Amino acid sequence: MEATLHPPRLLPSGDSAITVEFSGHIDDAANRRVLALDRAVSAAPIAGVTETVPTYRSLLVHYDPCQIAFETLGEKLLALAKVPAPPNAKTKHWRVPVTYGGENGIDLEHVARTLNTTPDEIVARHVAGDYRVAMIGFTPGWSYLSGLEKFLHMPRRQNPRILTPPGTVSIGGVQTGIQCLAGPSGWHLIGRTPMRTYHLHRKPIFLLEPGDRISFFAIDEKRFAEQDKAAEHGDPVAELMTS
Amino acid sequence: MTKLIIVSIGPASSVQDGGRHGAQRYGLTPSGAMDRLGLAAANTLLGNAPFAAAVEIGPFGTAFRARGGAVRVALAGATRNADIAGRLVAFDTSMTIPDGETLTLGFAKGGAFSYLAIEGGITGEPMFGSLAVNARAGLGSPYQRPLQAGDELPAMAASGTPERRIELPQTASGSIRVLLGPQDDEFADEARQLFLGSEWKISPTSDRMGYRLEGPVIKHLHGHNIVSDGTVDGSIQVPGNGAPIVLMPDRGTTGGYPKIATVISADLGRLAQTTAGTGFRFKAIGMVEAQAEAKKFVQLLRALPDCLRGIESMQLNVEALHDANVAGHAVSAVDADTWHTSI
């Protein structure tokens with residue numbers, strides 16, 4: 001007999017969405033359950049469900065209240081969340097090039113000083129990590145990664161920056177992330193990747209999926225410039241590992 | 001080729017439709033019209049699909065000129081003074097702009113957004129099923145940014161179909177209805193009561209991403225940071241300063257502030273049309289009622305074609321307007337806005 005998992009909380013998000021919450025904090029096990037429920041819903045579509053948005057600890061399920069009621073959908077989601085889901089056979093593992101420090105990572109030295117170490121040590125530890133795309137959100141392609149080692153945890157900036165460059169790789173709290181478009185950020189900018197997680201004139205338009213595995217490798221600024229051009233023309237630049 | 005030229009236009013004016021759905025999991029916000037009823041009314045007047053792309057016009061004055069032939073359009077949403085080459089035209093009607101003539105619109109009155117639909121719809125290349133503008137993501141058609149003077153929208157040659165008006169059914173008024181949650185438990189009872197019991201005003205710094213509210217400070221129970229989770233149109237998040245923000249169609253798809261409540265879908269357009277500085281209140285309702293209201297709103301949109309009337313009956317209304325003036329009511333024959341509010 002299979003063990004039954006503890007049921008998630010069902011939180012109404014208006015009349016057309018339910019938040020299925022597995023945990024109150026960032027928690028790897030909860031994120032795996034979110035992604036598993038997301039796969040379960042896409043494998044056995046529920047009439048009336050229009051779209052799902054996986055995040056760290058909850059799955060937001062958008063639905064059409066003309067087709068299915070809150071109570072009915074809630075019961076179906078609880079039933080799906082009860083069963084441990086098989087691992088995702090389609091999980092991809094990406095090796096992502098990053099140029100660290102300098103103009104492309106203006107906070108690297110500050111991060112090193114704060115953590116009482118050298119920039120090289122920060123880079124070595126960051127590229128040694130095995131990360132997972134816990135969620136994509138806020139703006140197109142902004143990928144939040146879980147798996148940052150404790151040594152690199154660092155509270156966000158007091159004053160978020162209004163504009164940070166596209167492709168920025170940064171650290172914020174217990175997370176590291178890849179932002180695709182230029183925009184505001186309160187995270188510490190340690191490097192930049194030429195990879196476009198979102199590119200309108202490429203197939204696929206969105207490169208990463210929630211649940212994908214990510215590791216980073218360091219490149220120099222010259223290589224960054226070359227790959228940036230290639231990425232502009234639709235080259236994924238990131239290397240797809242066969243695992 | 002027939003087209004509509006934007007002669008002048010204010011900020012916050014863009015092509016919008018029913019929005020782009022299915023890619024929120026990649027951080028792509030749906031966008032789409034701020035006031036779905038206004039969009040649907042304008043489109044219905046021309047026989048377009050209710051959520052076909054149209055011009056969403058921000059609060060400022062605007063002028064459109066027909067070129068290469070007459071262009072048939074319709075106006076709905078927040079009313080304004082409107083004329084074609086000096087001839088007054090009314091909101092909630094279709095009209096034909098003769099070749100070379102200009103439709104001039106004044107400031108929005110009693111609302112923020114008006115909708116100008118074009119017969120046959122706006123043609124463009126949909127991305128993720130939508131022409132709606134999302135400038136940050138580089139999406140939208142024919143322009144990937146808000147509209148500017150000099151822009152051109154391709155149009156079909158006016159069909160000559162008799163003009164019509166639409167008698168919009170009565171919709172809810174008064175308090176903006178909300179469902180509490182998803183994070184109402186991040187607030188003490190007193191904070192929830194303060195939220196529901198106070199008068200709010202929309203800050204002038206509001207935009208299509210969010211409406212910032214002015215009123216009492218809403219305090220959090222456990223601080224203002226939660227683990228980022230998904231948002232919806234109408235999510236009311238409370239950031240660190242305690243001033244709630246209602247998320248609108250250009251919102252971020254995820255957010256890290258607790259969400260005390262969510263505006264019901266039937267009332268979101270009404271909130272969008274509330275002008276800065278106008279006081280309003282929220283009222284919490286239950287899920288069953290909220291879902292019944294959501295269905296009623298969808299049915300109302302579907303039934304809009306039944307609300308179309310010939311323009312002849314409007315001339316009768318002009319008689320009524322005259323009577324009303326004789327009777328001493330404050331109705332202005334030069335102010336299109338009072339035509340349907342006073343009769």
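**Exercise 1. A loop residue of chain A**

Determine whether N104(A) counts as buried or exposed in this predicted model, and state where N104(A) sits and what it touches.

Solution. Begin with the accessibility: N104(A) has a relative accessibility of 12%, and the cut-off for a buried residue is under 20%, so N104(A) counts as buried. Next, place the residue in the chain, where N104(A) belongs to the loop between β5 (93-100) and α3 (108-114) of chain A. Finally, list the contacts: when residues up to four places away in sequence are not counted, N104(A) touches T99(A), I190(A), G191(A), R192(A) and E221(A).

**Exercise 2. The interface between the chains**

Describe the contact between chain A and chain B in terms of residues, buried area and polar interactions.

Solution. Start with the residues, of which 45 in chain A are in contact with 39 in chain B. The size of an interface is often given as the accessible area lost when the parts come together. Here the area buried between chain A and chain B is about 3,400 Å², and carbon and sulfur atoms give 58% of that area.

Turn then to the polar interactions, where the count between chain A and chain B is two salt bridges; in a salt bridge with an N to O distance of 2.6 Å, the side chain of R25(B) meets that of D38(A). The count of residue pairs in polar contact between chain A and chain B, both at pLDDT 80 or more, is 18. On the side of chain A that touches chain B, the elements giving two or more residues are β1 (9-12), β2 (17-21), β3 (49-54), β4 (58-63) and β6 (131-136) of chain A. Sorted by class, this side of chain A has 26 nonpolar, 13 polar and six charged residues.

**Exercise 3. The two domains of chain B**

Characterise how domain 1 of chain B meets domain 2 of chain B, and find which three residues of domain 1 supply 40% of the area that it buries there.

Solution. Take the bounds from the domain assignment, which gives domain 1 (3-161) and domain 2 (176-285) in chain B; the C-alpha centres of these domains lie 28 Å apart. Across the boundary, 22 residues of domain 1 are in contact with 16 residues of domain 2, and the area buried between the two domains is about 1,300 Å², with 49% from carbon and sulfur atoms. Q24(B), T29(B) and M34(B) supply 40% of the area that domain 1 buries against domain 2, more than any other three residues.

For the polar side of the description, the count between the domains is one salt bridge, and the side chains of E56(B) and R208(B) meet in a salt bridge at 2.8 Å, N to O. There are also 11 residue pairs in polar contact between the domains, both at pLDDT 80 or more. On the side of domain 1 that touches domain 2, β5 (71-79) and β10 (109-118) of chain B are the elements that give two or more residues, and β10(B) gives the most, with five residues.

**Exercise 4. Covered parts of chain B**

Decide whether G121(B) counts as buried or exposed, and identify the buried residues of helix α3 of chain B.

Solution. G121(B), in the loop between β10 and β11 (152-154) of chain B, counts as buried because its relative accessibility is 9%. Leaving aside neighbours within four places in sequence, G121(B) is in contact with N48(B) and A53(B). Helix α3 (residues 265-272) of chain B is mostly covered, with six of its eight residues buried, namely A266(B), D267(B), L268(B), G269(B), L271(B) and A272(B).

How values were computed: Residues numbered from 1 in each chain as written. Chains lettered and ligands numbered in written order. Predicted model: local features only at pLDDT ≥ 70, side-chain atom pairs only at ≥ 80, totals over all residues. Heavy atoms only, no water. Buried < 20%, exposed > 50% of the residue type's maximum accessible area, 1.4 Å probe, protein only. Helix = DSSP H or I, 4+ residues; strand = E, 2+ residues; numbered from the N terminus. Contact = heavy atoms within 4.5 Å. Buried area = accessible area lost by both parts, 1.4 Å probe. Salt bridge = Lys/Arg side-chain N within 4 Å of Asp/Glu carboxyl O. Polar contact = N/O pair within 3.5 Å; in protein donor to acceptor, adjacent residues only side chain to side chain. Nonpolar A, V, L, I, M, F, W, Y, C, P; charged D, E, K, R; others polar. Domains from an automatic or database assignment.
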